[in-house]
Amino acid sequence: MLQQLINHSPDLKRLQDEGYELEVYGGYLLIHHIPYVTHLREIKYGILVSELSLANSQRTIKPSTHVINFIGEYPCNADGTIITAIQHSNQQNLGHGIVINFSFSNKPQSGYVDYYEKVSTYGTIISSPAKSIDPLVTEKTFRIRENAIDTDVFQYIDTNSGRAKINLINEKVKGQKIAIIGLGGTGAYILDLLSKTPVSEIHIYDGDVFSQHNAFRSPGAAGKEDLDTVPSKVDYYFNQYSKIHQKITAHHNYVSKDNMKALSTMSFVFICIDNDVSRKLIIQFLLKSNIPFIDVGLGVNAVDDTLIGTVRVTTGTHEKNNHLVDRIPFVDEGNNDYNSNIQIAELNCLNAVLAVIKWKKMCGFYQDLREEHHSTYSINVNQLTSDEVTA
């Protein structure tokens, strides 16, 4: 896969053809074996680390920044004085085991046109003093690294996290096995958001088919050809989101007392169903199994030719669950027009967004100063409340 990217990217191909030692890892471009001079006038070798901007899985585009990173001691001139012209910032953990010691800034007026110009410019600045001491040293090893590009659980490289330098924060959700129970409007949006995270597995549960009314409150745009086949919900969404995430498993059934034990291996569960009896059984099992969860809900009614209602996100853990009986409906309620399939994709989306943000807070991705376990958004007064706080 690395060679395929290089072959389709003229700038990377030129770097390789001239002998630079390239690697793509963690969404970054690494250039190994860059000679430099230390403050003791010793010659050592470091690694240049650049963000990597791609048009697609096979071709680079113009670098998004002129800044480049470096693993090694600070490069110096031949006399041991530091190269001050490129000084920028110091050590930073970029995630995926990549810890840079310095970053450098040398900005052309219009930025770098491609990665060949960027890498070769910094390579020359850093290695020239070493070559003046020993003309035999070189950054051009002609070594071909045969490793596959690390895409983690994704189908292609997550260059977004690398550009934003949040790989280290992203790693807080790695290794988790997540279940989404119910792929109605809200559950589908949760899947949409989770598919962009490096969780190790996503398990989706629903025994229903994807019908035409579902298309109007679901993420993306279902085509008529999709509806004509009358797919199951899990198959439809699996086909959509396995395009980005490799580890999605479709379960063609509702969760019931007969198959609930499958949830015992999960790290976290999102409950997105409108059957209050089933919800109660699932929550009891998760609490007994010490598996944290978030239960979502929408309550919508028509009043004077307008809609009013509430979006709810309720969190339960082994440590904090005494609020659940008062916050989650465990008996089916009849006065909820949402059950008649009112098409309100924006509320489903909001419900999912609030739920995923709360999950990410619990993972340490976002700061959480209140640690609320129940929040509601009231439509007609535009109010978001946080209750059942522990902080």
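**Exercise 1. Work out how helices α6 and α12 are oriented to each other.**

*Step 1.* Begin with the general idea: two packed helices are described by the angle between their axes and the distance between the axes. The model used here is a predicted one, in which local features need pLDDT of at least 70 and side-chain atom pairs count only at pLDDT 80 or more, while totals for chains, interfaces and linings use all residues. Residues are numbered from 1 along each chain as its sequence is written, and side-chain values use heavy atoms, with hydrogens and water left out.

*Step 2.* Find the two elements: α6 covers residues 185-194 and α12 covers residues 345-363. Helices (H or I, at least four residues) and strands (E, at least two) are DSSP runs, numbered from the N terminus.

*Step 3.* Take the geometry. The angle between α6 and α12 is about 50 degrees, and their axes are 8 Å apart. Axes are lines fitted to C-alpha atoms, for helices over the stretch in contact, and angles run from 0 to 180 degrees between N-to-C directions.

*Step 4.* Classify the angle. Under 35 degrees counts as roughly parallel, over 145 as roughly antiparallel, 65 to 115 as roughly perpendicular and the rest as oblique. Helices α6 and α12 are therefore oblique to each other.

**Exercise 2. List which residues make the contact of α6 with α12, and sort them by class.**

*Step 1.* Contact means heavy atoms within 4.5 Å. From α6, the contact uses Gly-185, Thr-186, Tyr-189, Ile-190, Leu-193 and Leu-194. From α12 come Ala-345, Asn-348, Cys-349, Asn-351, Ala-352, Val-353, Ala-355, Val-356 and Trp-359.

*Step 2.* Now sort them: eleven are nonpolar, four are polar and none is charged. Here Ala, Val, Leu, Ile, Met, Phe, Trp, Tyr, Cys and Pro count as nonpolar, Asp, Glu, Lys and Arg as charged, and the others, Gly among them, as polar.

*Step 3.* Check how covered α6 is. Nine of its ten residues are buried, where buried means under 20% relative accessible area, exposed over 50% and partly exposed in between (1.4 Å probe, protein chains only). Among the buried residues of α6 are Gly-187, Ala-188, Leu-191 and Asp-192.

**Exercise 3. Repeat the analysis for α2 and α3.**

*Step 1.* Helix α2 (residues 10-17) packs on helix α3 (residues 115-133) at about 40 degrees, with an axis distance of 7 Å. This pair is therefore oblique as well.

*Step 2.* On the α2 side you will find Asp-11, Leu-12, Arg-14 and Leu-15, which meet Tyr-115, Tyr-116 and Val-119 of α3.

*Step 3.* By class, this contact has five nonpolar residues, no polar ones and two charged ones.

**Exercise 4. Find how many disulfides the structure holds, and describe Cys-272 and Cys-349.**

*Step 1.* Apply the cut-off of a pair of cysteine sulfur atoms within 2.5 Å. The whole structure gives zero disulfides.

*Step 2.* For Cys-272, the nearest cysteine sulfur belongs to Cys-349, 13 Å away. For Cys-349, the nearest is that of Cys-272.

*Step 3.* Add the surroundings: Cys-272 is buried at 12% relative accessibility, whereas Cys-349 is partly exposed at 29%.

**Exercise 5. Compare two neighbours in a loop, Glu-371 and Glu-372.**

*Step 1.* Place both in the loop between α12 and β17: Glu-371 is found there, and so is Glu-372, with β17 spanning 374-378.

*Step 2.* Look at exposure. Glu-371 has a relative accessible area of 35% and is partly exposed; Glu-372, at 8%, is buried.

*Step 3.* Look at what Glu-372 touches. Leaving aside neighbours within four places in sequence, its contacts are Lys-358, Lys-361, Ser-386, Asp-387, Glu-388 and Val-389.

*Step 4.* Turn to the backbone. Most residues other than glycine have a negative phi. Glu-371 has a positive phi near 55 degrees.

**Exercise 6. Locate Asp-304, and decide whether it is buried or exposed.**

*Step 1.* Asp-304 sits in the loop between β15 (293-303) and β16 (306-316).

*Step 2.* Its relative accessible area is 71%, so Asp-304 is exposed.

*Step 3.* Asp-304 is not a glycine, yet its phi is positive, about 50 degrees.
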